[in-house]
Amino acid sequence: MQIAYTSQDGRKLPYSMGYGLIDPLSIIENDGTIEANYISEISNCVVHKVTWSLKSCKIETFNSNGTRGRITVNRDLEKAL
């Protein structure tokens with residue numbers, strides 16, 4: 001797994017997730033929470049939004065038309081991949 005970002009406390013965001021590549025400009029780390037968007041190489045739209053706090057990780061997956069497909073909540077992002 002290629003790492004795109006490592007947080008101050010060592011959590012790692014992968015470069016790609018499913019059919020999306022991380023948007024490095026979308027990565028925000030604030031008060032222990034990391035947020036990032038993954039963009040489709042084909043449509044250039046957001047396909048995943050990650051919000052990773054110290055207690056849980058929420059991954060929102062969006063369909064090609066921009067609607068929410070599903071939400072996965074997991075404490076460890078690597079287990080969710």
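These are my notebook entries on three residues, Asp-31, Asn-44 and His-48, in a predicted model.

**Entry 1, backbone.** I looked up phi for Asp-31 and found a positive value of about 50 degrees, although this residue is not a glycine. I then placed Asp-31 in the sequence of elements, where it falls in the loop that joins strand E5 (28-30) to strand E6 (33-40). Its relative accessible area came out at 75%, and because exposed means over 50%, I entered Asp-31 as exposed.

**Entry 2, backbone again.** I turned next to Asn-44, a residue other than glycine whose phi is also positive, near 65 degrees. Asn-44 sits in the loop between E6 and strand E7 (46-52), and with 63% relative accessibility it goes down as exposed.

**Entry 3, a histidine in a strand.** Is His-48 buried or exposed? I found His-48 within strand E7, and its relative accessibility is 5%, so I recorded it as buried, the limit being under 20%.

I then asked which side chain makes a polar contact with the side chain of His-48. The partner is the side chain of Thr-61, at 3.2 Å.

Leaving aside residues up to four places away in sequence, I listed what His-48 touches: Met-17, Gly-18 and Tyr-19, then Ala-36, Asn-37 and Tyr-38, and finally Ile-59, Glu-60, Thr-61 and Phe-62. Thr-61 is thus noted twice, as a residue that His-48 touches and as its side-chain polar partner.

Notes:
Residues are numbered from 1 along each chain as its sequence is written. This is a predicted model: local features need pLDDT of at least 70, side-chain atom pairs count only at pLDDT 80 or more; totals for chains, interfaces and linings use all residues. Side-chain values use heavy atoms; hydrogens and water are left out. Helices (H or I, at least four residues) and strands (E, at least two) are DSSP runs, numbered from the N terminus. Buried means under 20% relative accessible area, exposed over 50%, partly exposed in between (1.4 Å probe, protein chains only). A polar contact is a pair of N or O atoms within 3.5 Å; within protein, one must be able to donate a hydrogen and the other to accept it, and residues adjacent in sequence count only if both atoms are side-chain atoms. Contact means heavy atoms within 4.5 Å.
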